[in-house]
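Please look over the sequence and the model below before reading on. The paragraphs that follow start with one residue and work outward to the whole chain.

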Amino acid sequence: MQTEPCRDAVKENQPVRLRGHHFLCLLTYKGLGYTPAFVENMTAVATRINAGAKVILHPGPDDICAALSPADRAACNHDCAKPETAALDDMAEKATVAVLGHGLNEAFTLDAEKVEKLRAAFLTGESRSACGLCRWRAVCDEIAESGFAETLLKGAHAT
Ligand code: SF4
């Protein structure tokens with residue numbers, strides 16, 4: 001089990017930091033996660049984005065990782081201690097840049113139109129190399145195939 005923190009505290013007045021693969025995970029997020037604390041934090045991230053907070057594509061631990069407990073880290077398929085995680089994030093970064101056109105550390109508003117573009121690429125599978133053998137894959141497949149019903153990320157300023 002990982003016991004060291006791999007995180008920086010969330011800074012409320014700064015853009016929301018999202019690592020590559022979290023641009024995928026947020027698309028299917030409907031309140032499921034490792035622990036109540038993890039879910040509470042991820043819901044807060046989606047809520048901040050919906051309220052208009054800017055986001056940045058961030059290398060390494062981000063605002064979602066910030067709530068990971070040691071138990072969460074042990075359960076996570078994309079933990080930083082796993083050798084494949086950097087490569088998975090690299091794939092997800094490239095996929096996200098290809099869809100959105102924003103590079104690393106460039107702050108932008110993740111509006112409803114951009115969320116729709118990301119979901120379209122997710123649905124076809126073209127952006128999902130990083131999903132690999134993720135334990136949540138079947139859940140995410142089902143959510144995507146349901147039209148992303150009941151997911152919490154709406155995009156900034158969506159009604
Ligand atoms: S399958 Fe795993 S990596 Fe892919 S979106 Fe779902 S939770 Fe994220």
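A residue counts as buried if 20 or more other C-beta atoms lie within 10 Å of its own, and as exposed if 12 or fewer do. The model is a predicted one, and glycine 20 is a convenient place to apply the cut-off. Glycine 20 has 26 other C-beta atoms within 10 Å, so this residue is buried. Its position is the loop between β1 (16-18) and α1.

Which residues does glycine 20 touch, leaving aside those up to four places away in sequence? They are Leu57, Asp89, Asp90, Ala92, Glu93, Thr96 and Ala130. Glutamate 84 lies 64 residues from glycine 20 along the chain, and the C-alpha atoms of the two are separated by 13 Å.

Several of these contacts lead to helix α4, which covers residues 85-100. The helix has 16 residues, and the distance from its first C-alpha to its last is 22 Å, close to the 22 Å expected at 1.5 Å a residue. Buried positions in α4 are Leu88, Asp89, Ala92, Glu93, Ala95 and Thr96. Among these, Asp89, Ala92, Glu93 and Thr96 are also touched by glycine 20. The cover over the buried residues of α4 includes α1, β2 (55-57) and α5 (112-124). After α4 comes glycine 101, with a positive phi near 80 degrees.

Positive phi values also occur at two residues that are not glycine. Asparagine 105 has a phi of about 65 degrees and is found in the loop between α4 and α5. It has 11 C-beta neighbours inside 10 Å and therefore counts as exposed. Glutamate 150 likewise has a positive phi of about 65 degrees, and is located in the segment after α6. Buried or exposed, how does glutamate 150 count? With 10 other C-beta atoms within 10 Å, glutamate 150 is exposed.

The ligand comes next. Around it stand His21, Leu24, Cys25, Thr28, Ala130, Cys131, Cys134, Trp136, Arg137 and Cys140. Ala130 is one of these residues and is also touched by glycine 20. Two helices, α1 (22-25) and α6 (137-145), each supply at least two residues of the shell. By character, the shell comprises seven nonpolar residues, two polar and one charged.

These elements belong to a protein chain with six helices and two strands. Read from the N terminus, their order is β-α-α-β-α-α-α-α. The radius of gyration of the chain is 14 Å, close to the 15 Å that the globule rule gives for 159 residues, so the chain is as compact as a globular protein of that length. Along its principal axes the C-alpha trace spans about 40 × 35 × 30 Å. Buried residues account for 33% of the 159 residues. Of the contacts between residues at least 6 apart in sequence, 83% join residues at least 24 apart.

Confidence remains to be considered. The chain averages a pLDDT of 90, and 92% of the residues score at least 70. Helix α3 (residues 70-75) has the lowest confidence, with a mean of 81, while α5 has the highest, at 98. Where pLDDT is low, predicted coordinates should not be read in detail.

How values were computed
Residues are numbered from 1 along each chain as its sequence is written. This is a predicted model: local features need pLDDT of at least 70, side-chain atom pairs count only at pLDDT 80 or more; totals for chains, interfaces and linings use all residues. A residue is near a molecule or strand if its C-beta atom, placed from the backbone, lies within 6 Å of it. Helices (H or I, at least four residues) and strands (E, at least two) are DSSP runs, numbered from the N terminus. Ala, Val, Leu, Ile, Met, Phe, Trp, Tyr, Cys and Pro count as nonpolar, Asp, Glu, Lys and Arg as charged, and the others, Gly among them, as polar. The expected span of a helix is 1.5 Å times one less than its number of residues. Two residues are in contact if their C-beta atoms, placed from the backbone, lie within 7 Å. The radius of gyration is taken over C-alpha atoms; the globule rule is 2.2 Å times the number of residues to the power 0.38. pLDDT is the predictor's confidence in each residue, from 0 to 100.
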